[in-house]
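Reader: I'm more at home with gels than with coordinates. Could you walk me through reading a model?

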Amino acid sequence: MKALVIEDEKKVASFIRKGLESEGFIVDIAYDGKDGLEKAFSNSYDIIILDLMLPKLDGLSLLQRLRREDITTQVLILTAKGHVEDRIEGLNAGADDYLVKPFAFGELLARIRALLRRDGLQKNPVIEFDDLAINTFTREVSRSGNLIELSAKEYALLEFMAYNAGRALNRATISEHVWHYNFDRGTNFIDVYINRLRNKIDEGYDKKFIQTVRGYGYMFKP
């Protein structure tokens, strides 16, 4: 599952990211409303966690823009504005849920899961490519009906590549989105994880999903 956190308080954003990543989410962060809007327009997310008091573009205006453009991604407002009038305004603007700071991560996670379950009634959570199936709710991966056991990072890498199927991804992009830090050219940890995925996903099958793009990086080829 892929989440966008739009939050200008970096400690709060980092806290949410770490918690969601421990639950298997791929997490992008925007620290202002303008960047958040651009990310929401240019990427596909399963859930958006949105603060209201943001620099450059406030959260309510951002939400209204998303809904005017028919972006139906589930949006959970997470804000210090806790008056009843604020809640009504946020929900009427198109939010799917509203949680007031300070908050417990367990409650935030429970609300996110409830929204995703609701959304799952309308959307298929399984990404399928031929005989490969990736269940983004349960994080189960199978090929030809055989379950494949993946570590949390192996799954996150596979899901990120599958969401970007057919697109060449360099190591810096993979590092930023899956590990959330700048790629060090002196390390080969991404190549190690790619090889692990290949051994688990492609070994023994004629069709190879994970391809090397020479001189650039890797691609998930549908």
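Author: Let's go through the domains, the pocket, a salt bridge and some backbone angles.

Author: This is a predicted model, where local features need pLDDT of at least 70 and side-chain atom pairs count only at pLDDT 80 or more, while totals for chains, interfaces and linings use all residues. Residues are numbered from 1 along each chain as its sequence is written, and side-chain values use heavy atoms, with hydrogens and water left out.

Reader: Which domains does the assignment give?

Author: Domain 1 (2–119) and domain 2 (126–220), with bounds from an automatic or database domain assignment. Their C-alpha centres are 27 Å apart. Ten residues of domain 1 are in contact with nine of domain 2 (contact means heavy atoms within 4.5 Å). Together the two domains bury about 900 Å², 51% of it on carbon and sulfur atoms; buried area is the accessible area (1.4 Å probe) that two parts lose on being put together, summed over both. Lys2, Gly24 and Ile26 supply 48% of what domain 1 buries against domain 2, more than any other three residues.

Reader: Where does the largest pocket lie?

Author: Rolling a probe the size of a water molecule over the atoms shows where empty space is left. A pocket here is an open set of points on a 1 Å grid over the protein atoms alone, where a 1.4 Å probe fits, with protein on both sides within 12 Å along at least five of seven lines; lining residues have an atom within 4 Å of a point. Domain 1 and domain 2 both give residues to the lining of the largest pocket, so it lies between them. Its 15 lining residues include Arg17, Asp28, Ile29, Lys39 and Glu176, which lie nearest its centre.

Reader: How many salt bridges turn up in the whole structure?

Author: Side chains of opposite charge can pair when their charged atoms come close. The cut-off is a side-chain nitrogen of Lys or Arg within 4 Å of a carboxyl oxygen of Asp or Glu. The search finds 14, but zero between domain 1 and domain 2. One pair is Glu7 with Lys101, at 2.7 Å, N to O.

Reader: And the backbone: is the peptide bond from Lys101 to Pro102 cis or trans?

Author: Most residues other than glycine have a negative phi, and most peptide bonds are trans. The bond from Lys101 to Pro102 is cis, with omega near -5°. Asp130 has a positive phi, near 55°.
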